[in-house]
Amino acid sequence: MASSVPDDGAAAAADPAAAAAGAPGRRIVVAVDESEESTHALTWCLANVVSSTGGDTLVLLHARRPRPVYAAMDSSGYMMTSDVMASMDKYAAAVSAAAVGKAKHICAAFPHVTVETMVESGDPRDVICDATEKLAADLLVMGTHGYGLIQRAFLGSVSNHCAQNCKCPVLIVKRPK
């Protein structure tokens, strides 16, 4: 990021509080969904990561899984009409709105934090990595479901994928048992 003020390292060393006051806050992306693990990660982030003096921007990112593509008629002979598809889309939008609404409600207790929301459709692994890069995030915070080896092998691990592929630091918050 270019600055119109010359960077004077000596001035910043002499008065670190003045240097911090002029610096823009961090852009922290928190991946949210409808799970308890996601809620715990957001709450932990607000309590332990976000600056209590303000200036940080929290981006609540929800990755909506794309609607599965069905043939016009499934194997049981059930016809996938446009009404059924519209109903599925409406349900997915309601789930997204509920997840983001719950996260915004949690953030309301922290008025010093600027909160933005972002809902993208696609595979959560790709959506989260792409969004952190597009937003130039300083940090990604996300929960983990704590799957075992076998579940991870079949279902995949979104948090592991993001830790390996995001260009920003990734903080994975485990929910206590």
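# A tour from the sheet to helix 5

The protein has 7 helices and 5 strands. The model is predicted. Show the whole chain as a cartoon and follow it along the sequence: the pattern reads α-α-β-α-β-α-β-α-β-α-α-β. Of the 177 residues in the protein, 30% are buried. A surface representation would show an exposed area of about 11,100 Å², with carbon and sulfur atoms supplying 56% of it. In a contact map, residues 24 or more positions apart account for 75% of the contacts with a separation of 6 or more.

**Select the strands**

Display the 5 strands alone. They form an open sheet in the order 3-2-1-4-5, with parallel pairing. Strand 3 and strand 5 (170-173) are at the edges; each has a single partner strand, so one side of each lacks a neighbour in the sheet. On average, neighbouring strands of this sheet are turned by 20° against each other, direction ignored.

Next, select strand 1 (27-31). How many of the residues of strand 1 are buried? The count is 4 of 5, so the strand is mostly covered, taking under 20% relative accessible area as buried. Strand 1 runs parallel to strand 2, and 5 bridges join the two. To see one bridge, pick Val 29, whose partner in strand 2 is Val 59.

Move on to strand 2 (57-64) and strand 3 (114-121). These two are also parallel, and 8 bridges join them. Pick Thr 57 here; its bridge partner in strand 3 is Thr 114.

**Add helix 3 and helix 4**

Turn on residues 36-48, which are helix 3. This helix lies across strand 1, strand 2, strand 4 and strand 5, and it runs at about 140° to strand 4. Helix 4 packs on the sheet as well, where it touches strand 2 and strand 3. The direction of helix 4 makes about 160° with that of strand 2.

Helix 4 covers residues 82-107, and Gly 101 is found in it. Is Gly 101 buried, partly exposed or exposed? Its relative accessibility is 35%, so Gly 101 counts as partly exposed. Draw a C-alpha to C-alpha distance from Gly 101 to Thr 117: the two are 9.5 Å apart in space and 16 residues apart in sequence.

**Select helix 5**

Select residues 124-134 and colour the buried ones: Pro 124, Val 127, Ile 128, Cys 129, Ala 131 and Thr 132. What do the buried residues of helix 5 pack against? Their neighbours are strand 1, strand 2, strand 3, strand 4 (139-143) and helix 7 (158-165).

Keep helix 5 and helix 7 on screen. Their axes come within 9 Å and cross at roughly 35°, and the crossing is right-handed. On the helix 5 side, show Pro 124, Arg 125, Asp 126, Ile 128 and Cys 129; they meet Val 158, His 161, Cys 162 and Asn 165 of helix 7. The residues of this contact divide into 5 nonpolar, 2 polar and 2 charged.

**Last stop: Ala 136**

Go past the end of helix 5 to Ala 136, in the loop between helix 5 and strand 4. What is the sign of phi at Ala 136? Phi there is positive, near 55°, in a residue other than glycine. For comparison, most residues other than glycine have a negative phi. Ala 136 is exposed, with a relative accessible area of 54%.

Methods. Residues are numbered from 1 along each chain as its sequence is written. This is a predicted model: local features need pLDDT of at least 70, side-chain atom pairs count only at pLDDT 80 or more; totals for chains, interfaces and linings use all residues. Side-chain values use heavy atoms; hydrogens and water are left out. Buried means under 20% relative accessible area, exposed over 50%, partly exposed in between (1.4 Å probe, protein chains only). Contact means heavy atoms within 4.5 Å. Accessible areas come from the Shrake-Rupley method with a 1.4 Å probe; for residues, only the protein chains shown count as cover. Axes are lines fitted to C-alpha atoms, for helices over the stretch in contact, and angles run from 0 to 180 degrees between N-to-C directions. A crossing is left-handed if the near helix is turned anticlockwise from the far one by less than a right angle, and right-handed if clockwise. Ala, Val, Leu, Ile, Met, Phe, Trp, Tyr, Cys and Pro count as nonpolar, Asp, Glu, Lys and Arg as charged, and the others, Gly among them, as polar. Two strands pair if DSSP finds at least two bridges between them.
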